[in-house]
Amino acid sequence: MNFLTDSFFSALLLIWTLDHNLIEIIGVSLKVSSISTFISALVGVPSGFLIAFSDFKGKRLVITILNTLLALPTVVVGLFVYAFISRKGIFGAYDLLYTQKAMIIGQMILIIPIVTTFTISAVSRIDDRYRKAALTLGANLRQTAWVIIREARFGIMAAVVLAFGRVIAEVGISMMLGGNAKGFTRTMTTAMALEYDKGEFVLSVALGIVLLSASFAVNIFCNYFQGKGRTSN
Amino acid sequence: MLYKLNNIIKAYDDRAVLDLNQICLKKGKVIGLLGPNGAGKTTLLEILAFLLSPTSGEIWFKQEKINSNIGRLIKLRRKVVLVQQHPILFTTTVYKNIDFPLKIRKTPKAKRNDMVNELLELVGMASFKDVGAHTLSGGQTQRVAIARALACFPEVILLDEPMSSVDVENQITIERIIREINQIKGISVIFTTHDVVQTSRLADDTLFLFEGKVAKSIYENIFSAYIETDDGGQKYFRLPNGLKLRTRSEKTGQTRISISPGKVRISQNSCNTQENTRKGKIIQLNQEQFNVRVLVDAGIPLNVLIPKGSFKSYEMGIGDDVWITCPVESIDIF
C-alpha cells in the first residue's frame, strides 16, 4: 500500500512541477488525438448526415456495418493498417510506419464509424417539421441541411467528444503503428505501458491521473451537450 | 386564377388519401378548406406549398404548369409559404426565427431589423423579441410562425388548422391577423379547419373535403349507417348506436349519411307521432351570423340550426329536453 501512496504523491509532484517528460508525452497524445478527431469529424459528420437523409439501396446494411465497426478492437485496426504501410505493404514506399501520421490514420479508422453512427442517430431524431419549415420559408437544399445540422448540433458535438475520448485512451493503435518512440510517438497510454514494463510506476501513475482527468472532462462535455440537446428539442 | 388542380391523386401504399377532379382557387381571397380529420386537408396544403408532389395529376400555379424541377420548385416555394398545424420554431430567439427568411433572401441587415420589428408588432409579440422560441406557449408559437411566414413576403400563405390548438384570446388575434394580411397586404390566404363556424366567419370561399374528395355541399352530422328493411317492408337507416331513421332510399347495405342541420325540426313539446322523432337534451348553444347552432344529444350528437329570429320564441337553455325530428328529405346519402 505504501508503494501506491508513494507513487501517487510523487506523481502529483510531477504534475505540479510540470515535468518536461510528462508534458512532452501529454503534448503528443493531445496533438495526435485532436488531429485524428478533427479529420474524422470532417468525414464522419457529413457522411452521417447524408446517410440519414438519403434513401438508397443497402442503407440498412451500411448502418449495420457501421454499428459493427463501433466495437472494432484497436489491435485489429493496428494490424490492418500495418499490413498496408509496412515495408512490404502497398503504401510501404511512403515510410509511414512508426510516425504520428500512421497513428492518425489508424485512429481515424477507429473513430470515423463512431462519429458517423452517432451523427446518424442525432440527425434522425430531429423532427421532420424542421426540414419542411426551412423549405417552405424558401431555403435551398444547402440551407435546409444547415438548419437540420444546427438543430442536431448538441448530438453531433457529443459524437465528436465521444470519439476524442476513445482515441485519447486507446493503446493498441499507438503502440503498433507509432512504436512508442520517445518525443515522437510516445503517448500517455504507450508510455504507461512501457513504464509498467520497467517497473517505474511514478510516471505511469501521473499519466494515469491526467488520462482519467481527461476522460472525466470528456464525459462532462458529453453530458453537457446531450443534456442541452434534450432540453432544447 | 391562383391555383388550378387537375385530377390530383396522392396515394400512400396504393391507398389514395387525396383524389380531386378539378379545383380552381382564386387570387386575393381568403379560402377555407373545411373537413373532418383525415379528409386530406394537410396533404392538399403540402401539395399547394410545393412540399409534396402528387402521385398523379397536374398543378398549375398562375398559368405555370408545375414539374418536379428542384431549382424551379425552390423559386416557387419563395412565393408560397405554409404554416404547419403545430409549427416548429428553430432553436434560437424569436427575433432570429423571423429573421431567417430575410437572411436567406439576402436582405440587407439594416432593413431586416426594421422588418422583423414591424412583423413582431403585427402579431403582438414585440416584447418577446429576445426570448428563446422554445419557451413560448402554443398560441404565441403560432403567432411567431405566422410572422416568420410573412417575412417571406409571400403571394400566398397556407395555414394548417391555425386555431386548433390555441386559446380564445389567441384565436381572436389570429383571426385579426388573417384579415389584415389579406385586406392590407393583399396576400391570398388558404386555411384548413374542421370548424364550420370559423369558416363562415373568415372565408370568402369554402371548399369542403371529405375522405380525400371534394364534396358538393358542406356535410354535417355525418354518420355511418346500415340500410335495412323491417317486417312491414319499410326501409330505415340503422345507426351504430341502434338508432333507427326512416328512409325512402332505393339503396341497401352499408352507407354514410348526412343530416342537414337546417332541415332538422326542433320542438319543446312531445311530438312522438311524427316519423324520425327522438327525444334529446341540449348540450351546447352557439351564436352564428344568422343562426343559432344547437347541439342536441339524442343518442347521437346532432347539430340543429335555428334562425336567430325564431330562436327568441323558444326560450331554450342548456340541459333542456327537446324533441327533434329529422324529416326524410333532411337526410342525404353519400
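In chain B, strand E1 (residues 3-12) and strand E2 (residues 15-25) run antiparallel to each other and are joined by nine bridges. Within this pair, B:Asn6 of E1(B) has B:Gln22 of E2(B) standing opposite. The two strands form a hairpin with two residues between them, and in that hairpin B:Asp13 takes a positive phi near 50 degrees. The model in front of you is a predicted one, and everything that follows should be read as a description of that prediction.

E1(B) has a further partner, since strand E4 (residues 56-61) of chain B is joined to E1(B) by five bridges, again in the antiparallel sense. Here the bridge partner of B:Tyr3 is B:Phe61 in E4(B). Following the chain onward from E4(B) leads to B:Lys62, which lies in the loop between E4 and strand E5 (64-65) of chain B. Although B:Lys62 is not a glycine, its phi is positive, at about 50 degrees, and the residue is partly exposed, with a relative accessible area of 30%.

It helps to step back and consider chain B as a whole. Its 334 residues include 52% that are buried, and its secondary structure comprises eight helices and 20 strands. The C-alpha atoms of the chain fill a box of roughly 80 × 45 × 30 Å when the box is taken along the principal axes. Among the contacts in chain B with a separation of 6 or more, 67% join residues that are 24 or more positions apart.

Another part of chain B to trace is an open sheet of six strands, whose order is E6-E7-E8-E3-E9-E10 and whose pairing is mixed. The strands at its edges are E6 and strand E10 (213-214), each of which pairs on one side only. Strands of a sheet pair through backbone hydrogen bonds, and they may do so in either a parallel or an antiparallel way. Inside this sheet, strand E3 (residues 30-34) and strand E8 (residues 188-193) of chain B are parallel and share five bridges, with B:Val30 having B:Val189 of E8(B) as its bridge partner. The edge strand E6(B) also pairs in the parallel sense, over four bridges, with strand E7 (residues 156-159) of chain B, and there B:Val81 stands opposite B:Ile157 of E7(B).

What is found on the two faces of E6(B)? In a regular strand the side chains alternate between the two faces of the sheet. In E6(B), B:Val80 and B:Leu82 are on one side while B:Val81 and B:Val83 are on the other, and all of these residues are buried, so that both faces of the strand are covered. One contact of B:Val83 leads to a helix: B:Gln142, which is found in helix H5 of chain B, touches B:Val83 and, among others, B:Gln84, B:Pro87, B:Glu161 and B:Ile174. B:Gln142 has a relative accessible area of 1%, and because a residue under 20% counts as buried, B:Gln142 is buried.

The last step is to see how the two chains meet. In this model, 26 residues of chain B are in contact with 20 residues of chain A, and together the chains bury about 1,900 Å², of which 60% is on carbon and sulfur atoms. Three residues, B:Ile88, B:Phe90 and B:Thr91, supply 29% of the area that chain B buries against chain A, which is more than any other three residues supply. There are also seven residue pairs in polar contact between the chains, counting pairs in which both residues are at pLDDT 80 or more. On the side of chain B that touches chain A, at least two residues come from each of helix H2 (70-77), strand E6 (80-83), helix H3 (94-104) and helix H5 (138-150). The residues on this side divide into 16 nonpolar, five polar and five charged. One salt bridge is counted between the chains, and in it the side chains of B:Glu46 and A:Lys132 meet at 3.0 Å, N to O.

Chain A also has a residue with a positive phi. A:Leu18 is not a glycine, yet its phi is near 50 degrees, and its place is in the loop between helix H1 (2-16) and helix H2 (20-53) of chain A. With a relative accessible area of 59%, A:Leu18 is exposed.

Note on methods. Residues numbered from 1 in each chain as written. Chains lettered and ligands numbered in written order. Predicted model: local features only at pLDDT ≥ 70, side-chain atom pairs only at ≥ 80, totals over all residues. Heavy atoms only, no water. Contact = heavy atoms within 4.5 Å. Buried area = accessible area lost by both parts, 1.4 Å probe. Salt bridge = Lys/Arg side-chain N within 4 Å of Asp/Glu carboxyl O. Polar contact = N/O pair within 3.5 Å; in protein donor to acceptor, adjacent residues only side chain to side chain. Nonpolar A, V, L, I, M, F, W, Y, C, P; charged D, E, K, R; others polar. Buried < 20%, exposed > 50% of the residue type's maximum accessible area, 1.4 Å probe, protein only. Pairing = 2+ DSSP bridges. Lists of a residue's contacts leave out its neighbours within four places in sequence.
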